[in-house]
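Me: I have a protein model open and I would like to learn how to read it. Could you walk me through some of its features?

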Amino acid sequence: AVFPVACLALLETFRCEDLGDGVRRLHADYRVNCDSPAHQVMIAFSSVLFAGWCLGVPALVALVLFRAVPKRLVSDREKQAWLQAHQVPGERLQIQHDPDLEKFRWLFGPYRSDFTWWELVVTTKRLHLCVELAISQDETELRLCLAVTISAASLVFTSLVRPHAIPGHNLLAAVADTAVLLVLLVAIVLQ
């Protein structure tokens, strides 16, 4: 939950508007002149933080997840099901356990072994929604429609592929995606 909020706060630094007096003001704080040297320092600082946090975190998640894919830290239940389905004697299947990956299991542990990369999809969706809702200054209806499209696609895709290892978690993900979608639809109606 911290990731999208932090990215949204960083993106607010770039959102300026003209209030009709010929001076561009920061949307988050109208006392800040967007053409001032102080704001230029804020832009530089926010750019570095955005690159490190909002782009760096998904890149690190991708690195960890793609490193985990070939080594698949699967449960004994999944291993036994695979062995039975493929009729392979247990001693022939060598599942490698990487102790370095164990500390990152929270990233891919909740997902089925063939969806260890799913957290990257979730993180990318969150980042895209933040960027879409924060950067676009005009065309509020268009921004909300794009956010609704992303949320609806996420709901449909998650419901179809069911990436979670525990079936109840798939239902919870669908409920969460539905809640986000409903909030965005209410925002469109209230415009």
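Me: Which hand does the link of Cys7 and Cys54 have, going by the angle about the S-S bond?
Reply: Please keep in mind that this is a predicted model. The idea is to look at the angle about the S-S bond: for Cys7 and Cys54 it is -125°, and the link is left-handed. The two sulfur atoms lie 2.2 Å apart, and Cys7 and Cys54 are both buried.

Me: Which parts of the chain does the pair Cys7 and Cys54 tie together?
Reply: To see that, find the element that holds each cysteine. Cys7 belongs to helix H1 (residues 2-11) and Cys54 to helix H2 (residues 37-71), so the link joins parts 47 residues apart in sequence.

Me: How many disulfides are there by this rule?
Reply: The rule is that two cysteine sulfur atoms lie within 2.5 Å, and the count here is 2. Cys16 and Cys34 form a disulfide too, with sulfur atoms 1.9 Å apart. Their link is left-handed as well, with -95° about the S-S bond. Cys16 sits in strand S1 (residues 16-18) and Cys34 in the loop between strand S3 (29-33) and H2, so this pair ties together parts 18 residues apart in sequence. Counting bonded cysteines along the chain, the pattern is 1-4, 2-3.

Me: Is Cys145 buried or exposed?
Reply: Neither word fits! Buried means under 20% relative accessible area and exposed means over 50%. Cys145 has 39% relative accessibility, so it counts as partly exposed.

Me: What span should helix H7 have, and what do its end C-alpha atoms show?
Reply: You can work from a rise of 1.5 Å a residue. For the 22 residues of H7 (residues 140-161), the expected span is 32 Å, and the end C-alpha atoms are 32 Å apart, which agrees. Just after H7 comes Arg162, whose phi is positive, near 45°.

Me: Which residues make up the largest nonpolar core?
Reply: Look for buried nonpolar residues joined through their side chains. The largest such core has 9 residues: Leu129, Leu144, Ala147, Val148, Ile150, Leu155, Ala174, Leu181 and Leu184. H7 and helix H8 (167-190) each supply at least two of its residues, and H7 gives the most, with 5. A second, separate core has 7 residues, including Phe3, Cys7, Leu11 and Phe50.

Me: What can I say about the chain as a whole?
Reply: Try counting its elements: there are 8 helices and 3 strands. Of the 191 residues, 35% are buried.

Terms used:
Residues numbered from 1 in each chain as written. Predicted model: local features only at pLDDT ≥ 70, side-chain atom pairs only at ≥ 80, totals over all residues. Heavy atoms only, no water. Helix = DSSP H or I, 4+ residues; strand = E, 2+ residues; numbered from the N terminus. Expected span 1.5 Å × (residues − 1). Core = buried A, V, L, I, M, F, W, Y, C linked by side-chain atoms within 4.5 Å. Buried < 20%, exposed > 50% of the residue type's maximum accessible area, 1.4 Å probe, protein only.
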